[in-house]
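This note is addressed to a colleague who wishes to examine the model alongside the text. Please keep the structure open while reading the points.

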Amino acid sequence: MGTPAKSDTAEKIVSLSKRRGFIFQSSEIYGGLNGCYDYGPLGVELLRNIKEAWWKEMTYREDIEGIDASILMHPRVWEASGHVEHFTDPMVDCKECKARFREDQIGELECGNKAYKGRKALKCMEEGKFTEARNFNLMFKTHIGPLEESSAVVFLRPETAQGIYVNFSNVKDSSRQKLPFGIAQIGKAFRNEINTKNFLFRTREFEQMEMQYFIDPKEDERFFEYWRGERLGWFKKYGMRPERLKLHVHEKLAHYAKAAVDIEYEFPFGWGEIEGIHNRTDYDLKRHTEFSGKKIEYFDDQTKERYTPYVIETSAGASRSFFAFLCNAYDEEEVTKQNDDGSTSSETRTVLRFHPALAPVKVAVFPLVNRDGMQDIAHNINDDLRRKFKSFYDDSGAVGRRYRRQDECGTPFCITVDSETLYDNTVTVRERDSMNQERINKDNIVDYLKGKLEV
Ligand code: ATP
């Protein structure tokens, strides 16, 4: 595998994302909206596949149920959760250029004055250009009702977890689950981040994949360890390179946590959290009991004990995982190219080595040349495949170029109909990573691919 320089890689991934339709800047024709992105045709497939892989892993088991709670919740939820009081970042303003910074990230940020391009914000701070830090709440506010002044203020949820806690009793009673059990949810979250940066890493609108596992408090350490292992294993199972994953144990803990560990991925700009695993104790359920006046408890009919469960939370960003899977897949390698005159030369192949289950398009179908009925056969194969997999038909340009186009969007298999197909019904299947080709009967393509795509 090639290892392009990290700074280049970041730029190349951003440009490939736009060129091939993974990610577009939100409202681009109006100059863009900072910290917001749109998923293009390939991006939306990749995102859905990541969420599907997570959903299967987390909910296709006896002890976890899924929900989909609403984004807007009763305003008291955010008082109970501590977000109104604690969900703040320290913000400073530059008195000279008026740029605004998150104080605890100053070390990584640059001065906002275009005239001092590349100058570190830290230097401006040392020169006393900044205001005193003020706490800035990251929740987006909006209103329910037609008149802003008289209507209730509500928040766009900054995390999906609270929708799970307030539904604990509903899910427990309706599903007849016994502890330990979990509730999983995938959904949008919004944070009015002071500084967005690093492409999809820190955005204002993003998606989370969260699971809250409710347990007997005596078992918290065991389940914290268990979920830490499970979640790290999930990223590896879907092809994350182990050397680019590490655990970071938190010394300084959030107001609700007894223990916290992050799964970090080595992005081209450095290590960053992709998922947090937290022991949230009984903090959230107790707070919601206190603020709502409704008891949220569990009665164990075997031990006859009544108690508030502890919660082990696994909180992954779907959008950040998307970015990590994209960086993880990106590769460049030198390959030998066959020229039209029969000679060979070397070229750089850009390939996204996605796990086949995550790849946006699973298979592409080509006629080798556009004659002798090869196009019809290829169209028929593609029509058949399309019912089962995301497939793509392409008959334009040299076949080598068509392979490269598919490599660049991570398609794991390409099927070519050639002159041999016409008399023996076989096609070639070319595998993206090894570039090896084998011939199989065209009636066996679906079963062949099913076998290869299974996790
Ligand atoms: P950070 O320290 O990076 O701000 P956090 O510790 O506040 O993150 P959590 O509240 O634990 O993050 O959120 C859980 C997950 O949600 C994170 O691991 C990340 O994947 C995702 N996430 C959080 N904030 C953002 C954001 N602004 N943009 C994209 N993803 C985010």
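The numbered points below move from the whole chain to its sheets, and then to individual residues.

1. Overall description. The model is predicted. The chain has 455 residues, of which 50% count as buried. Its secondary structure comes to 14 helices and 23 strands. The C-alpha trace spans about 75 × 70 × 45 Å along its principal axes. Among the contacts with a separation of 6 or more, 64% are between residues 24 or more positions apart.

2. The five-stranded sheet. Five strands make up an open sheet with mixed pairing, in the order β20-β19-β21-β22-β23. The edges are taken by β20 (391-393) and β23 (437-441); each has a single partner strand, so one side of each is left without a neighbour in the sheet. On average, and with direction ignored, neighbouring strands of this sheet are turned by 25° against each other.

3. Pairing inside that sheet. Strand β21 (residues 413-417) and strand β22 (residues 426-431) run antiparallel and are joined by four bridges. One residue pair to inspect is isoleucine 415 with its bridge partner in β22, valine 429.

4. Helices against the sheet. Helix α11 (residues 374-386) packs on the sheet and touches β19, β20, β21 and β22. The direction of α11 makes about 165° with that of β19. Helix α14 (residues 445-453) lies across β19, β21, β22 and β23, and α14 runs at about 165° to β21.

5. Strand β12 and its partners. How many of the nine residues of strand β12 are buried? Seven are, and the strand (residues 259-267) is thus described as mostly covered. Strand β11 (residues 245-249) runs antiparallel to β12 and is joined to it by five bridges; lysine 246 has glutamate 264 of β12 as its bridge partner. Strand β13 (residues 270-281) is also antiparallel to β12, with nine bridges between them. Here tyrosine 265 is partnered by glycine 272 of β13. β12 and β13 form a hairpin, with two residues between them.

6. Lysine 362. This residue is found in the loop between β18 (344-352) and β19 (363-367). Lysine 362 is buried yet has no salt bridge. Which side chain of opposite charge is nearest to lysine 362? It is that of glutamate 45, 7.1 Å away; a salt bridge would require a side-chain nitrogen within 4 Å of a carboxyl oxygen. Polar contacts of the lysine 362 side chain are instead made with backbone oxygens: that of alanine 357 lies 3.0 Å from a polar atom of the side chain, and that of alanine 359 is reached at 2.7 Å. Residues up to four places away in sequence aside, lysine 362 touches nine residues listed here in full: Asn49, Pro356, Ala357, Phe389, Lys390, Thr411, Pro412, Phe413 and Leu453.

7. Aspartate 300. A second buried charged residue is found in strand β14 (residues 298-300). Aspartate 300 is buried and has no salt bridge; lysine 218, with the nearest side chain of opposite charge, is 7.4 Å away. A polar atom of the aspartate 300 side chain lies 2.8 Å from the backbone nitrogen of glutamine 302. With neighbours within four places in sequence left aside, aspartate 300 is in contact with Glu305 and Tyr307.

8. Backbone geometry to check. Most residues other than glycine have a negative phi, and most peptide bonds are trans. A cis peptide bond joins leucine 179 and proline 180, with omega about -5°; proline 180 is placed in the loop between α7 (168-175) and β9 (181-190). Aspartate 372 is not a glycine, yet its phi is positive, about 55°. The place of aspartate 372 is in the loop between β19 and α11. Methionine 435, in the loop between β22 and β23, has a positive phi near 65°.

9. Accessibility of the two positive-phi residues. Are aspartate 372 and its side chain surroundings buried or exposed? Aspartate 372 is exposed, because its relative accessible area of 51% is over the 50% cut-off. Methionine 435 is at 27% relative accessibility and therefore counts as partly exposed.

Technical notes:
Residues are numbered from 1 along each chain as its sequence is written. This is a predicted model: local features need pLDDT of at least 70, side-chain atom pairs count only at pLDDT 80 or more; totals for chains, interfaces and linings use all residues. Side-chain values use heavy atoms; hydrogens and water are left out. Buried means under 20% relative accessible area, exposed over 50%, partly exposed in between (1.4 Å probe, protein chains only). Lys and Arg count as positive and Asp and Glu as negative; His and the chain ends are not counted. A polar contact is a pair of N or O atoms within 3.5 Å; within protein, one must be able to donate a hydrogen and the other to accept it, and residues adjacent in sequence count only if both atoms are side-chain atoms. Contact means heavy atoms within 4.5 Å. Two strands pair if DSSP finds at least two bridges between them. Axes are lines fitted to C-alpha atoms, for helices over the stretch in contact, and angles run from 0 to 180 degrees between N-to-C directions.
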